Structures are given as structure tokens and as C-alpha cells.
Amino acid sequence: MDAIKDYISKAENKWLDQLYNFCKDQFTQKQIPSHDHTHHLRVWKYSKEILTAINENYKIDYTTVESCLIASLFHDIGLTINLGEDHGKESKNICIKYFEDHQLNKPNNLEEILFAIENHDDKDYKTENKNPDSVLSILCSADDLDAFGNIGVIRYTEIYLLRGINTQELSNCVINNLDKRFVNFEQTYKEFESFYNTHKLRYLETKGFFEDLAKETT
């Protein structure tokens with residue numbers, strides 16, 4: 001367990017401040033509070049939870065930790081250009097440009113990071129990836145976990161209204177997306193019982209809110 005803490009500390013010392021500040025700068029001209037730099041930081045927080053929870057079984061190495069941090073801090077930056085569900089491609093391009101502009105040494109598995117960034121918001125989970133310790137699995141589930149709980153209510157409502165979904169459609173659209181996120185989380189991480197049960201309760205909180213909202217708007 002100490003090793004994973006050391007890996008997280010090392011990765012944060014190397015990357016967190018510079019990437020968080022860059023992410024924050026990207027959102028200064030585009031007000032999307034539900035998906036801004038604070039969301040990216042929360043996704044990294046949930047990534048750390050996942051990495052810690054699965055470490056005993058999967059022996060997480062430093063490269064995976066570093067990759068998850070970088071992916072977390074870039075995954076939704078593309079929303080500043082494209083508010084659609086396919087914004088991952090823009091996020092990937094911004095990440096590529098960041099490393100080029102800053103003349104940084106690229107991480108060993110940059111291609112895996114870019115792949116995860118581009119494909120993280122495929123909530124039909126068409127991309128075959130069932131490895132709990134892959135960057136894509138961790139990023140997808142960490143992003144999903146930030147859609148659960150009270151923060152999920154705020155985030156869903158804002159982004160869906162920005163995408164033109166009306167109040168009458170909102171609850172059904174959210175619940176459909178939310179259920180897909182939970183099924184993916186369950187299939188990938190149910191074996192980690194305590195971690196899984198904590199976030200199942202958060203999922204049920206969010207779903208319950210929109211179920212109640214549906215009754216008031218139909």
C-alpha cells in the first residue's frame with residue numbers, strides 16, 4: 001500500500017500543479033462549472049480511489065498512476081471547443097499540443113493516455129476494454145463517479161440544458177445515461193466490495209432525485 005501512495009505523491013509533485021493551472025486557464029473564457037477545472041480535479045481524486053482500491057489485486061505501477069493523472073486533467077478540456085458528447089477528440093488534440101508547446105518529455109505510454117482521453121465519454125462503452133487497471137477503465141469510471149451523488153445532480157442538469165435538452169426530457173435522458181455509467185462501474189469494480197458499495201449509494205441518490213423530478217414534470 002505504501003508503494004501506491006509514493007507513486008501518487010511522485011506523480012502529483014511532477015504534474016498536478018502545472019496541469020491543473022493549465023486546465024483552469026482553458027475554462028476562464030468558457031463558463032461550464034459542471035465540467036471545469038474543479039471537475040477535472042475531482043476525477044483525479046476518484047482515480048486515486050480506484051487505484052488504491054485495486055492495487056492489492058493488480059499491483060499498480062508508477063506509469064499507470066502518472067497516466068491516470070494526465071488523462072484526468074485533460075479529458076474534458078475539449079468541451080471548451082465542442083459541447084457535444086464527442087468532445088474527447090478535441091481534448092486529445094489539446095493534450096498533444098500541450099506537450100508540443102511546452103517541449104516536455106512525453107510519458108512512456110502517451111498513446112494509451114490519448115486513447116483514454118478520446119474515448120472516455122463513450123457511455124455506450126463500445127470500446128472493448130474490460131481491464132480494471134487500464135487507463136481507459138480507470139478514467140471512465142472516475143468520470144462516472146463524479147456523476148453520482150449531489151454533485152451529479154448539478155452536473156447533469158447544467159450540461160444537458162446547455163445541450164438543448166428541455167425540462168420534460170431531462171430526467172429520462174439523465175437516468176438512461178446514469179444507468180449505463182453504473183452498469184459499467186459495477187461490471188468493472190464490483191469485486192472491490194467496500195469501494196463499490198460506497199459509490200452504489202451515491203448512484204442511487206442521483207437516480208432517486210431524477211425519478212422524483214420526472215414525477216413533477218410529466
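The exercises below deal with a predicted model of one protein chain.

**Exercise 1.** State how many helices and strands the protein chain has, and give the pattern along the sequence.

Solution. Start with the count: there are nine helices and zero strands. Then read along the sequence, where the pattern is α-α-α-α-α-α-α-α-α.

**Exercise 2.** Compare the radius of gyration of the protein chain with the value for a compact globule.

Solution. The chain has 218 residues, and for a compact globule of that length the radius of gyration would be near 17 Å. The protein chain has 17 Å, so the two agree. For the extent along the principal axes, the C-alpha trace spans about 55 × 40 × 30 Å.

**Exercise 3.** Find what share of the residues is buried, and which residues touch the most other members of the largest nonpolar core.

Solution. Buried means under 20% relative accessible area. By this cut-off, 52% of the 218 residues count as buried. The largest nonpolar core holds 63 residues, and Trp44 and Phe74 touch the most other members. Now take Trp44 and set aside its neighbours within four places in sequence: its contacts include Ile8, Leu16, Val65 and Leu73, and also Glu12 and Ser72. In soluble globular proteins, nonpolar side chains tend to be buried together.

**Exercise 4.** Describe the exposed area and the charged side chains of the protein chain.

Solution. The chain exposes about 10,600 Å², and carbon and sulfur atoms supply 46% of this area. Next, count the charges: 25 side chains are positive and 37 are negative. The centres of the two sets lie 1 Å apart.

Technical notes. Residues numbered from 1 in each chain as written. Predicted model: local features only at pLDDT ≥ 70, side-chain atom pairs only at ≥ 80, totals over all residues. Heavy atoms only, no water. Helix = DSSP H or I, 4+ residues; strand = E, 2+ residues; numbered from the N terminus. Rg over C-alpha atoms; globule rule 2.2 N^0.38 Å. Buried < 20%, exposed > 50% of the residue type's maximum accessible area, 1.4 Å probe, protein only. Areas by Shrake-Rupley, 256 points an atom, 1.4 Å probe, with all protein chains shown as cover. Lys, Arg positive; Asp, Glu negative; His and termini not counted. Charge placed at Lys NZ, Arg CZ, Asp CG, Glu CD. Core = buried A, V, L, I, M, F, W, Y, C linked by side-chain atoms within 4.5 Å. Contact = heavy atoms within 4.5 Å.
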